[in-house]
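Me: Hi! I'm new to this one and would like a friendly tour. Could you walk me through it?

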Amino acid sequence: MKTLSIGSSSHLKTAIGIGQSPTHDLQNQTHTPVLIDKFHRQLTYLRLSITDFCNFRCDYCLPNGYQGKRPNNELTLSEIDTLIDGFKRLGTKKVRLTGGEPSVRRDLGDIIAIVKSHGIAKTAISSNGYKLHKHLSAWQQAGLNQLNLSVDSFNPKVFKKITGFDTLATLLQDVDTLLDTTDIHLKMNGILRADTVYDNLMSVLDFVKNRPVTYRFIEFMQTSDNQDLFFAQNQTATLIKNHLAKNGWKLRPKHSDDGPALEYVHTDYAGSIGIIEPYHKNFCNSCNRLRVSSLGKVHLCLFDSQNYDIRKFLQNNDTPGLIDALQNLMPIKPEHHDLNTHSGLMKNLSLVGG
């Protein structure tokens, strides 16, 4: 994957103005800057990876575990503060902290607090939930609004086979503790797999019957590291959508800061069921997000072949420069991903949090 240092590529700089002198004066602005791409989509959702390290060995992402040493130059608290300041000024309403596994950072509570200090309306985390009980109090106190947990199966043996960890029972106990003792909104995610889709759907229906939890089925996405598994386990959401339609589930209208999931609700269920279909032809039409890696690189699309280095602005506490750089990236944000034509540009999803 190619990284372009903003300001170091003359042809890119000339084409879109990146790296030139900042044009924003935050003290004397007469209008509020926003992030709008050339397809008229306003980007109000930041997915910030705070580490690419993960302690799990999920077969669809890091089947051999994290390779090498964890980087010692992940974004600092000060850099994250500048980053969130810039994105907030550009109209960001939601920030999701991802990884890798974000909870391996001992300062995650401080990072949540930084995001909330800038008035971000919704702060979320994506996590595998390892030792969740240890973190709940600190995350609640820091102001966390939403937690997304990866739970690919409710069968302990299958869960262990997928993740490499026999921790499902503890995780589900921690989930009930979260629901009983916090006001954190909980979502669960599971990869759609051909060999588990029906059993998992039945388990999910039972789980959300009396729990206010949204469980989302995510279609398997191919990366350069999971091609054999992808072709063996790729499963569309058709079976689930047909079952829900036949049993009285209805689509919930989307909110402005929602991601791409379709969410189904039922009057007899406390929870809901979501479906994320990255291969659907209209998946990207309402894209509202940007991704920033743990080393300060902007990814305009999860599966784009390039990224753009904004770290110098973060290191120098240069919010005007950051705003200028982000706005000048808007003309080159792609209209859609190219998963159907050349899947696998991303090595693995731990790099930018999926």
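Reply: Happy to. One term first, for a helix end we'll get to: a polar contact is a pair of N or O atoms within 3.5 Å, and within protein one of them must be able to donate a hydrogen and the other to accept it. Also, keep in mind that this is a predicted model.

Me: Good to know. So which residue caps the N-terminal end of α5?

Reply: That's Asn155. One of its side-chain oxygens sits 2.9 Å from the backbone nitrogen of Lys157.

Me: And which residues of α5 are buried?

Reply: Helix α5 runs over residues 156-163, and Phe159, Ile162 and Thr163 are buried in it.

Me: Why are those on the same side of α5?

Reply: Because they cover an arc of only 80° around the axis. As background, an α-helix has 3.6 residues a turn, so residues three or four places apart point the same way.

Me: What's on the other side of α5, and is it buried or exposed?

Reply: Lys157 and Lys161 are there, and both are exposed. As for the buried residues, their cover includes β5 (146-150) and α6 (168-181). Just after the helix, Gly164 has a positive phi of about 85°.

Me: Switching topic: how many residues are in the largest nonpolar core?

Reply: It has 81 residues. Leu48, Leu83, Leu97, Leu147, Leu149 and Met188 have the most contacts inside it. The element that gives the most to this core is helix α7 (residues 197-208), with 6 residues. In soluble globular proteins, nonpolar side chains tend to be buried together.

Me: Pick Leu97. What does it touch?

Reply: Leaving out residues up to four places away in sequence, its partners include Leu48, Ile50, Pro102, Ile112 and Val115.

Me: And where is Val95?

Reply: Val95 lies in strand β3, which spans residues 94-98. With 1% relative accessibility, under the 20% cut-off, Val95 counts as buried. Beyond four places in sequence, its contacts include Leu46, Ile84, Val115 and Lys122. Val95 and Ile112 are 17 residues apart in sequence, with their C-alpha atoms 9.5 Å apart.

Me: Last thing: what's the mean pLDDT of the chain?

Reply: The mean is 84, and 78% of the residues reach 70 or more. Over residues 8-24, though, the pLDDT is below 50, and that stretch has 33 contacts in the model beyond near neighbours in sequence. Residues 228-233 are also below 50, with 16 such contacts. Where pLDDT is low, the predicted coordinates should not be read in detail.

Terms used. Residues are numbered from 1 along each chain as its sequence is written. Side-chain values use heavy atoms; hydrogens and water are left out. pLDDT is the predictor's confidence in each residue, from 0 to 100. Contact means heavy atoms within 4.5 Å. Helices (H or I, at least four residues) and strands (E, at least two) are DSSP runs, numbered from the N terminus. Buried means under 20% relative accessible area, exposed over 50%, partly exposed in between (1.4 Å probe, protein chains only). A nonpolar core is a set of buried Ala, Val, Leu, Ile, Met, Phe, Trp, Tyr and Cys residues joined through side-chain atoms within 4.5 Å. The arc is that of the directions from the helix axis to the C-beta atoms.
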